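Visitor: Could you walk me through this model? I'd like to start with the ligand and then go on to the sheets and helices.

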Amino acid sequence: MSRRRGESRTDADKTGRTHASSLARNGDEPSQRGAGSKPQQPREIAPALYLVATPIGNAEDITLRALATLRAADVIACEDTRVTAKLLARHGIERPLLAYHDHNAERMRPLLLERLRRGEIVALVSDAGTPLVSDPGFKLVRAAVAEGLAVGTLPGPSAALAALVLSGLPSDRFLFAGFLPAKQAGRRTALAELAPVRASLVFFESAPRLAESLADMAAVLGDRPAAVARELTKLYEEVRRGGLSELAARYAGEGPPRGELVVVVGPPAEAPAPSAEALDRQLEAALASMSVKDASAAVAAATGLSRREVYARALLLAGRG
Ligand code: SAM
């Protein structure tokens, strides 16, 4: 179906679909309006690319507006049509699905942009959570924005935010770092770059790599407070809190946990300078996989000591001083 931008459609069009306007009316009962406020006008869903957040576990975590938008969509672009078909079936929604994932995005993006130019409602969902957050969609949004095509969002579940707010760690400043590199050298280098950041750090991680990642975090970031949030919003939701070394040792002993998880690490403490022995231990751990320069930068950031001082010590330990 093709519409020009700005053209509206009625509540039940030829396809028999209902639209957000009916929901807007339902929500406009006098009891839900402030005294004296004007009744809201029923709202149409305007043609646009809509980024729709979907549940990360509990199937009921989807907003009314997200459902209305999916119902109204001319096409729903999704990572895996089987996963999204299940979500739609649960809510009695039947709309055309189109796969949009890392392996076909280059081919599918122009088609989606063309549909947007024609004035269609295009919804983008991922398998779980918020699209674009370690999921496909960034290049599509960037291209739509560059062309001046309308983009809207239906915010909702996000594993990163759910873990952050449950962690008990400072949430006023945080940095979402996505997945760390799978290999240890790359992971330690990435962690060294993050070490100076004065904010909580949020990482996605896979269960099989959890113990080794926590151990690298402890070595590079120092033994900061952390939380591992697992199976969020699901039956066996669990948050384990503790120092990075303690968590690393626990998971190394127990083996990989089941399910999906997020690691949140507290910001560097404004701590007193470490003893000479503690500094040497941290430097030796960092030097095991990093250059003298990277190891000193990471340890300086983790301890608050000056880079020059730590570099001098690192050179000695590396036998080059
Ligand atoms: N876009 C999604 C979002 O906004 O939540 C994230 C997609 S990313 C490909 C998948 C990663 O998110 C998982 O490997 C895990 O780290 C995290 N994740 C997703 N669902 C989760 C859950 N229910 N509990 C804990 N972590 C979860």
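Guide: Domain bounds here come from an automatic or database domain assignment. With that understood, the shell around the ligand draws at least three residues from each of domain 1 (20-157) and domain 2 (160-184 + 197-265). This is a predicted model, in which local features need pLDDT of at least 70 and side-chain atom pairs count only at pLDDT 80 or more, while totals for chains, interfaces and linings use all residues. Residues are numbered from 1 along each chain as its sequence is written.

Visitor: Which residues come nearest, of the 22 around the ligand?

Guide: Those are Gly-129, Ala-159, Phe-204, Leu-232 and Glu-260, where a residue is near a molecule or strand if its C-beta atom, placed from the backbone, lies within 6 Å of it.

Visitor: And how do the residues of the shell divide by class?

Guide: The shell around the ligand has nine nonpolar, seven polar and six charged residues; Ala, Val, Leu, Ile, Met, Phe, Trp, Tyr, Cys and Pro count as nonpolar, Asp, Glu, Lys and Arg as charged, and the others, Gly among them, as polar.

Visitor: Which strands each supply at least two residues of that shell?

Guide: Strand E7 (200-205), strand E8 (225-230) and strand E10 (261-265) do, with helices (H or I, at least four residues) and strands (E, at least two) being DSSP runs numbered from the N terminus.

Visitor: What is the order of the open sheet with mixed pairing?

Guide: Its five strands follow the order E6-E7-E10-E8-E9, and two strands pair if DSSP finds at least two bridges between them. Strand E6 (174-179) and strand E9 (238-243) stand at the edges with a single partner strand each, so one side of each has no neighbour in the sheet. E6 and E7 run parallel and are joined by five bridges, and Gly-178 stands opposite Phe-203 in E7.

Visitor: Which helix packs on that sheet?

Guide: Helix H8 (residues 210-221) does, touching E7, E8 and E10, and its direction makes about 10° with that of E10. Axes are lines fitted to C-alpha atoms, for helices over the stretch in contact, and angles run from 0 to 180 degrees between N-to-C directions; two residues are in contact if their C-beta atoms, placed from the backbone, lie within 7 Å.

Visitor: Now the sheet with parallel pairing: what is the strand order there?

Guide: That open sheet of five strands runs E3-E2-E4-E1-E5, and its edge strands, strand E3 (97-99) and strand E5 (151-154), each pair on one side only. Helix H2 (residues 64-72) packs on this sheet, touching strand E1 (49-52), E2, E4 and E5, at about 135° to the direction of E1.

Visitor: At what angle do helices H4 and H5 pack?

Guide: Helix H4 (residues 105-117) and helix H5 (residues 138-147) pack at about 35°, with their axes 10 Å apart. By class, their contact has seven nonpolar, no polar and three charged residues.
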